[in-house]
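The following exercises concern strand pairing and nonpolar cores. Please work through each task before reading its solution.

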Amino acid sequence: MTIAPEKTTVLVQLAFGDEWLSVCELSRLTPGRGVAALLPDGRQAAVFLDRAGRVHALDNTDPFTGAAVLSRGLMGSAQGRPFVASPLLKQRFDLETGRCLDDDEVAVRAYEVRTAA
């Protein structure tokens, strides 16, 4: 008889109000890519796994166009700060703060993220 090893599922969770909302399994994320997650209030979050293994989440709506596309953007880093560039007009958003790196007056919401077993 063979005993199967325990398989632990690690979940990605976003701070949503006073609670933590599970949005997906960490294993479903691909380093360097984003996914969109539908939130209970109808908004979307763009969830990213960077190549260093850190998870980030921003509002998925590009404030320059109103389109829900940031999850499809290209990830990179500038001066040691991880960012996602919108696939439409290419503005870059800091993945930790949501601040637009190309326009100091614009930002998107950055969500607090954790992983939990």
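**Exercise 1.** Identify the bridge partner of Ala78 in E7.

*Solution.* The bridge partner of Ala78 in E7 is Arg81. The model is predicted, and local features need pLDDT of at least 70, side-chain atom pairs count only at pLDDT 80 or more, and totals for chains, interfaces and linings use all residues. Residues are numbered from 1 along each chain as its sequence is written, and side-chain values use heavy atoms, without hydrogens and water.

Next, consider the strands themselves, which are DSSP runs of at least two residues, numbered from the N terminus. E6 and E7 (residues 81-85) are joined by 5 bridges in the antiparallel sense; two strands count as paired if DSSP finds at least two bridges between them.

**Exercise 2.** Give the strand order of the open sheet and name its edge strands.

*Solution.* The order is E6-E7-E8, with antiparallel pairing. E6 (74-78) and E8 (92-94) are the edge strands, each pairing on one side only.

**Exercise 3.** Determine which strand gives the most to the largest nonpolar core.

*Solution.* A nonpolar core is a set of buried Ala, Val, Leu, Ile, Met, Phe, Trp, Tyr and Cys residues joined through side-chain atoms within 4.5 Å, where buried means under 20% relative accessible area (1.4 Å probe, protein chains only). The largest has 12 residues, among them Val12, Cys24, Leu29 and Tyr111. E1 (11-16), E4 (44-49) and E5 (55-59) each supply at least two of its residues. E4 gives the most, with 3 residues.

Key
Buried < 20%, exposed > 50% of the residue type's maximum accessible area, 1.4 Å probe, protein only. Helix = DSSP H or I, 4+ residues; strand = E, 2+ residues; numbered from the N terminus.
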